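Good morning, and thank you for making time for this. I would like to walk you slowly through one model, so please have the sequence and the picture ready.

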Amino acid sequence: MNQHKATARAPANIAFIKYWGKTDSWTRVPANNSVSMCLSEFHTLCTVEISEQFAEDMVSFRGEAVVAGGELERITQVLARVRKLTGQSLFARVATRNNFPKATGIASSASGFAALSAAAVEVYGAKLNQRELSVFARQASGTACRSVPDGFVEWLSDDGAGESYAVSVHSPDWWNICDVVAIVTKKMKKVSSTEGHALAQTSPFYQARLLGMPAKVMALKQALAQKDFSHFGALLEAEALNMHAICLTSTPAVVYWEAPTMSMIRSIVEWRERGAVESYFTIDAGPTVHAICRAEDSGELAQRLAAIAGVREVVVNKPGLGVRLVDRHLF
Ligand code: PMV
């Protein structure tokens, strides 16, 4: 009997410069470069098993079978792509488990599809290097490509040779900063980021956003290289507001924030201006706030955020590793 299993663990990542809008929606080529950090505490584990005894692909999420819908389709498309790459035909059983809530502004699709890609590539025996795995993961879910390399990462929209993937710009131990994540709601968001990306073009400000991107990416990478925290923070905060300005001015408008999101924005700025704690906010496609601070301030900041009405959970993340194969399988 031909039977194999592989398991991968992949981190979520937080974008300092956001990916918002694509030039090719099918292969998920982004309109601009983005810069992110892999998170130490939020990850997906994914086990893929192949066997000639399986009559179809089977998927379970947190132990529950996924029998239909867009999610199942996206996962089976990944499996079909590896089969095509390797000339194999065996069906697979996939189990996946996040240690954080889905679709709340923490990139579950990034960690989920990076882990699935790595496990599937391994079990079907496709020999991909890190760059090729990042390309492969990008085609499954854009931001998944940024969960492949370690630490601080840049996703190149085009590497000059027509390919798009993410590379590590610094290892996790480069800079001792934290992402203090304040989760607001565990409900699924109403507008998926896939829809949001497509709507970006309808904002009258979108072309202006894209024009400013190369200089912004360069400035942020420079602040990161120089470990200039205040400049880095100012840039990432302005960038988060810029992305949400696109969402707010799309047709139809997309409003990802909830009341506690706004309270946190106000508090973070006020604490900074009063000299209480220096942190800067960033927000992905959801109400969750990511407060970026120096490691020594993370405890104080976490306590303050946890005390804000509507905040359900606060988790301190350090810069983390990218995707890894692990020995412990989910089944
Ligand atoms: O990976 P997607 O399609 O869910 O895109 C999400 C993009 C943002 O999280 C909003 C920004 C980013 O670059 O992570």
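I will begin with the ligand, then turn to one helix, the cysteines, and a few residues in strands and loops. Please keep in mind throughout that this is a predicted model.

Let us start with the ligand, which has 13 residues around it, and of these Tyr 19, Thr 143, Arg 146, Ser 193 and His 197 come nearest. If we sort the residues of that shell by character, we find five nonpolar, five polar and three charged. Some side chains place polar atoms beside oxygen atoms of the ligand: for Thr 143 the distance is 2.6 Å, and for His 197 it is 3.0 Å. Asp 284 also belongs in this picture, with a side-chain N or O atom 3.5 Å from an oxygen atom of the ligand. How much of the ligand does the protein bury? Taken alone, the ligand exposes 390 Å², and the protein buries 92% of that area.

Next, please find helix α6, which runs through residues 229-248 and so contains 20 residues. From its first C-alpha to its last it reaches 28 Å, which is close to the 28 Å expected at 1.5 Å a residue. Several of its residues are buried, among them Phe 229, Phe 232, Leu 235 and Leu 236, but the buried set also includes Glu 237, Glu 239 and His 244.

Cys 247 is another buried residue of α6, and it brings us to the cysteines. How many disulfides does the structure hold? The answer is zero. Cys 46, for instance, is in no disulfide, and the nearest cysteine sulfur, that of Cys 38, is 17 Å away. Why does Cys 247 not form such a bond? The closest cysteine sulfur, in Cys 145, is 19 Å from its own, and that is too far for a bond. Both of these cysteines are buried, for Cys 46 has a relative accessibility of 1%, and Cys 247 also has 1%.

Let me now move to strand β11, residues 279-282, where we find Thr 282. Thr 282 counts as buried because its relative accessibility is 0%, and its side chain is joined to that of Lys 18 by a polar contact of 2.7 Å.

The loops deserve some patience as well. Val 311 sits in the loop between α8 and β13, and with a relative accessible area of 13% it is buried, since the cut-off for that word is under 20%. Its C-alpha atom is 9.1 Å from that of Met 264, although the two residues are 47 apart along the chain.

In the loop between α6 and α7 you will find Pro 252, and the peptide bond that joins Thr 251 to Pro 252 is cis, with omega at about -5°.

Finally, which backbone angle is positive in Arg 62, although Arg 62 is not a glycine? The angle is phi, at about 55°, and Arg 62 lies in the loop between β5 and β6. Lys 227, in the loop between α5 and α6, likewise is not a glycine and has a positive phi, of about 50°. As for their surroundings, Arg 62 counts as partly exposed at 44% relative accessibility, and Lys 227 is partly exposed with a relative accessible area of 37%.

Terms used
Residues numbered from 1 in each chain as written. Predicted model: local features only at pLDDT ≥ 70, side-chain atom pairs only at ≥ 80, totals over all residues. Heavy atoms only, no water. Near = heavy atom within 4 Å. Polar contact = N/O pair within 3.5 Å; in protein donor to acceptor, adjacent residues only side chain to side chain. Areas by Shrake-Rupley, 256 points an atom, 1.4 Å probe, with all protein chains shown as cover. Nonpolar A, V, L, I, M, F, W, Y, C, P; charged D, E, K, R; others polar. Helix = DSSP H or I, 4+ residues; strand = E, 2+ residues; numbered from the N terminus. Expected span 1.5 Å × (residues − 1). Buried < 20%, exposed > 50% of the residue type's maximum accessible area, 1.4 Å probe, protein only. Disulfide = S-S within 2.5 Å.
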